[in-house]
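Q: Please take one part of this model and go through it closely. What does it pair with, and what lies around it?

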Amino acid sequence: MAPNISPLVIFIASIFTSNMVLANFLGMCSYLAISSEYKTASGLGKAVTLVLIITNVANWAIYHYVIEPLGLEYLQYIIFIMVIAAIVQILELFMDRYMPDLHANLGVFLPLITVNCAILGATLFQVIRNYSFLQTLLFNLGSGIGWWMAIIMLAAIREKMGKAKLPPGLAGPGIAFLITGIMALAFVGFSGIFPVQ
Amino acid sequence: MNFAEVFTTVLSITGISAALTIIISLAEMKLNDYGICTLDINDGSKTLEVQGGQYLLNSLAANKIFIPSACGGKATCGLCKLQVMEGAGPLLPTEEPYLTEEERENHYRLACQVKIKSDLKLHIPEELFNIKEYLTNVDVLEDLTHDIKLVRLKLPEGEVLNFKPGQFMQFYTKPYDKIKESVFRAYSISSPPSEEGYVEFCIRQVPDGICTTYVHTALNEGDQVQLSGPYGDFFYRGNTKTMVMVGGGSGLAPLRSLALDNLAKGVDANMSLYFGAQKPRDLYYTEEFRDLEEKHDNFKLIQSLSRVEEGDDWDGLTGRITVHLDEDLKKLEDPTDVEAYLCGGPGFLASVRKVLIDNGVPASQIYFDEF
């Protein structure tokens with residue numbers, strides 16, 4: 001049975017209290033690598049949100065209509081990853097053909113996202129927590145927005161910091177880790193408002 | 001685990017993979033089919049018919065046009081820049097970090113990011129068509145100075161090396177002594193293009209240098225040497241009336257090629273070749289250049305030695321070459337009408353560059369070949 005939590009609570013909680021990056025530390029690789037410029041970071045954030053929703057709704061359906069009835073739970077990781085990879089690839093082809101402007105903004109990030117652990121992480125969360133369809137939808141929307149928010153915050157700080165004089169050893173990933181840590185501490189403040197499970 | 005379980009597992013995994021593969025293939029067939037596209041290169045000088053839906057870099061490579069690329073198409077090196085005049089679609093965020101404002105206005109794109117979706121018009125620098133591999137034979141190997149060797153290589157019968165004076169070639173060594181691997185190093189061509197069928201290098205022995213030691217100790221006349229090239233953007237521009245060339249050590253090589261070529265072509269500019277060395281034994285090609293000085297009013301050679309000792313056979317200029325360059329530049333009426341071509345080590349280049357800039361030579365007219 002799906003847990004008795006309002007989808008709206010799940011939505012808010014997945015943005016703030018259990019933020020993908022700042023509470024669960026998922027999707028760190030692209031979060032650190034693509035956050036030096038605000039514009040690209042924002043593009044990646046939007047793409048992650050889109051992919052989260054599409055792939056995880058598909059994964060929800062696959063889990064409930066294929067994996068569970070056939071008793072293939074022990075193969076779920078492989079199946080989820082294959083589905084994510086396939087959907088991302090098709091999505092990119094589709095955008096490239098019919099929405100060139102959107103593709104120019106988001107499409108190039110899609111291959112990066114295939115291997116973003118935030119996507120698989122969200123899939124596994126929704127399976128473990130046994131979310132209903134609506135809960136899944138809002139959970140992924142919230143997680144995406146949360147991830148997007150985290151990366152644009154970091155990018156905005158890093159852009160401003162471009163003018164700062166940092167000790168050479170700290171510049172780049174070093175300072176990005178520290179900032180992320182401090183932001184995560186701030187986000188701990190939200191926990192307790194909404195417990196999410 | 002019983003047989004039925006294994007069977008269902010294999011069957012379901014196969015089924016799911018097959019379903020996904022079929023969906024992707026169908027999507028690819030339908031969505032990525034852009035038909036045959038025409039690539040028009042350099043305003044019609046070459047046209048290619050290629051299957052659409054591929055990336056430009058790969059498509060060109062399949063047609064034997066090699067655009068330099070270090071990362072192999074991941075948009076992380078930014079080397080595969082070329083001009084796509086028409087048909088490339090919007091600039092992608094992956095390309096932005098590698099293109100300057102000026103390059104964007106001039107339609108530069110990264111070939112590894114541009115997908116061929118329609119007919120394209122491209123501009124590819126001529127040099128890139130020229131880069132080839134050559135299997136040559138050592139024709140002459142002789143000492144120019146105590147530590148610089150002239151290496152004259154014979155190109156295969158009928159082959160022509162189409163290069164601009166000042167450019168360099170990659171020189172591949174063979175394994176020798178304790179060196180088990182083949183390495184390659186870049187050396188400037190010292191002969192002018194008019195020496196058809198041959199190419200010359202001046203190679204200075206660098207202590208413990210793998211390639212220079214190979215040339216100085218292991219190479220013999222008649223041996224085979226593999227080259228590739230030509231590469232580089234150090235060549236004569238010819239926009240001013242005064243040309244200053246400054247070299248140190250084996251840095252004379254590309255300048256010799258430049259000077260010989262310009263004089264043979266009758267270029268209308270005053271050319272001065274400054275060569276700085278330590279001792280008389282470091283000088284080479286002096287007689288050749290003195291002969292040219294006599295034949296051409298617009299060419300002069302200025303040599304200066306910085307470590308002349310008593311008893312050395314030397315009655316020319318002494319001290320650092322930059323001092324003499326400085327004096328001569330001060331005599332010029334219009335230092336902005338100077339193009340400077342420098343070749344040497346980093347420290348030498350920095351000091352020469354400073355003298356030129358202090359005397360009012362525009363930085364954009366100073367060209368380097370650093371080693």
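**Strand β15 and its sheet**

A: In chain B, strand β14 (residues 299-305) is joined to β15(B) by two bridges, and the two strands run parallel. Strands here are DSSP runs of E of at least two residues, helices are runs of H or I of at least four, and both are numbered from the N terminus. Within β15(B), B:L317 is the bridge partner of B:S304.

The model is predicted, so local features need pLDDT of at least 70 and side-chain atom pairs count only at pLDDT 80 or more, while totals for chains, interfaces and linings use all residues. Residues are numbered from 1 along each chain as its sequence is written, with chains lettered from A and ligands numbered from 1 in the order written.

The wider setting is an open sheet of six strands in chain B, ordered β15-β14-β13-β12-β16-β17, with parallel pairing (at least two DSSP bridges between two strands). Its edge strands are β15 (317-318) and β17 (366-370) of chain B, each of which pairs on one side only.

Helix α8 (residues 321-331) of chain B lies across β15, β14, β13 (270-277) and β12 (242-248) of that chain, at about 155 degrees to β13(B). Helix α9 (residues 346-358) of chain B also packs on the sheet, where it touches β12, β16 (338-344) and β17 of chain B, and its direction makes about 165 degrees with that of β16(B). Contact means C-beta atoms, placed from the backbone, within 7 Å; angles run from 0 to 180 degrees between N-to-C directions of lines fitted to C-alpha atoms, for helices over the stretch in contact.

Chain B as a whole has nine helices and 17 strands. Of its contacts between residues at least 6 apart in sequence, 67% join residues at least 24 apart. Towards chain A, 19 residues of chain B are in contact with 20 residues of chain A.

Note on methods
Contact = placed C-beta atoms within 7 Å.
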